Amino acid sequence: QVKVVESGGGSVQAGGSLRLSCRASGYTRSPYCMAWFRQTPGKEREAVASMFPFSGRSYYADSVKGRFTLSQDNTKTTLYLQMNNLKPDDTAAYYCAAGRDSWECRQTNTGRYPNFRTWGQGTQVTVSS
């Protein structure tokens, strides 16, 4: 059974940093792609960043470019999200998702990922001003 588990959330002041980790398990090799999303109450979940482990290609939402950085471990099953210069608007529950193939990892032209089936339980990030 495939699954992902997030860790690393917490509370920081504006301008601070946090690193989130997402570990995928149950895959024959590694996920085809992995991604981070975030959600605040009453709002739609939004994609923050994604990576294709074998190619190393990564994508970032405009709101986090230059502040957030993805990296992976040598096994390509753990995805890290380094978040620097955090802002109060970054406060949210952060979720990791992993996809087995190109269908699950499909991104729409509006930046959404409608096909992910494997999600973590989420980790809270709170940034105070």
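Start by selecting β11, residues 123-128, in this predicted model. Its side chains alternate: T123, V125 and V127 point to one face and are buried, while Q124, T126 and S128 point to the other face and are not buried. That is the pattern to expect, because side chains in a regular strand alternate between the two faces of the sheet.

Keep β11 on screen and add its partners. Strand β2, residues 10-13, runs parallel to β11 and is joined to it by four bridges. Within that pairing, V12 has V127 of β11 as its bridge partner. Now bring in β9, residues 92-99. β9 and β11 run antiparallel, with three bridges between them. Show A92 as sticks and you will find it opposite V125 in β11.

Next, the open sheet. Select β1, β3, β8 and β7, which is the order in which these four strands lie, with antiparallel pairing. Which strands stand at the edges? They are β1 (3-7) and β7 (68-72); each has a single partner strand, so one side of each is left without a neighbour in the sheet. Look at the strand directions too: neighbouring strands here are turned by 20° against each other on average, direction ignored. Zoom in on β7 and β8 (residues 78-83), where five bridges hold the antiparallel pairing. One place to click is Q72, whose bridge partner in β8 is L79.

Now turn to the nonpolar interior. The largest nonpolar core has 27 residues, and the members touching the most others are W36, V48, F68, L81, M83 and Y94. Colour the contributing elements: β3 (18-25), β4 (33-39), β5 (46-51), β7, β8, β9 and β11 each give two or more residues to this core. M83 makes a good centre for the view. Setting aside neighbours within four places in sequence, M83 is in contact with G16, S17, L18, L20, R67, F68, Y94 and V125. V125 is also one of the buried residues of β11 from the opening stop. Apart from this core lies another, of eight residues, including C33, A35, F52 and C105.

Then switch to the charged side chains. Side chains of opposite charge can pair when their charged atoms come close. There are six salt bridges in the structure, and D90 is a fine place to begin. D90 and R38 meet at 2.9 Å, N to O. D90 sits in the loop between β8 and β9 and R38 in strand β4, so this pair ties together parts that are 52 residues apart in sequence.

Is D90 buried or exposed? D90 counts as buried because its relative accessibility is 2%, under the 20% cut-off. R38, at 6% relative accessibility, counts as buried too.

Stay on D90 and add R67: their side chains form a salt bridge of 2.7 Å, N to O. R67 lies in the loop between β6 (58-60) and β7, so the pair with D90 ties together parts that are 23 residues apart in sequence. R67 is buried, as D90 is. Add E46 to the selection to complete the picture: R38, E46, R67 and D90 are linked in a network of salt bridges.

For the last stop, select D62 and K65, whose side chains meet in a salt bridge at 3.1 Å, N to O. In contrast to buried D90, D62 is exposed, with a relative accessible area of 65%.

Definitions and conventions
Residues numbered from 1 in each chain as written. Predicted model: local features only at pLDDT ≥ 70, side-chain atom pairs only at ≥ 80, totals over all residues. Heavy atoms only, no water. Pairing = 2+ DSSP bridges. Axes fitted to C-alpha atoms, helices over the stretch in contact; angles between N-to-C directions. Core = buried A, V, L, I, M, F, W, Y, C linked by side-chain atoms within 4.5 Å. Buried < 20%, exposed > 50% of the residue type's maximum accessible area, 1.4 Å probe, protein only. Contact = heavy atoms within 4.5 Å. Salt bridge = Lys/Arg side-chain N within 4 Å of Asp/Glu carboxyl O.
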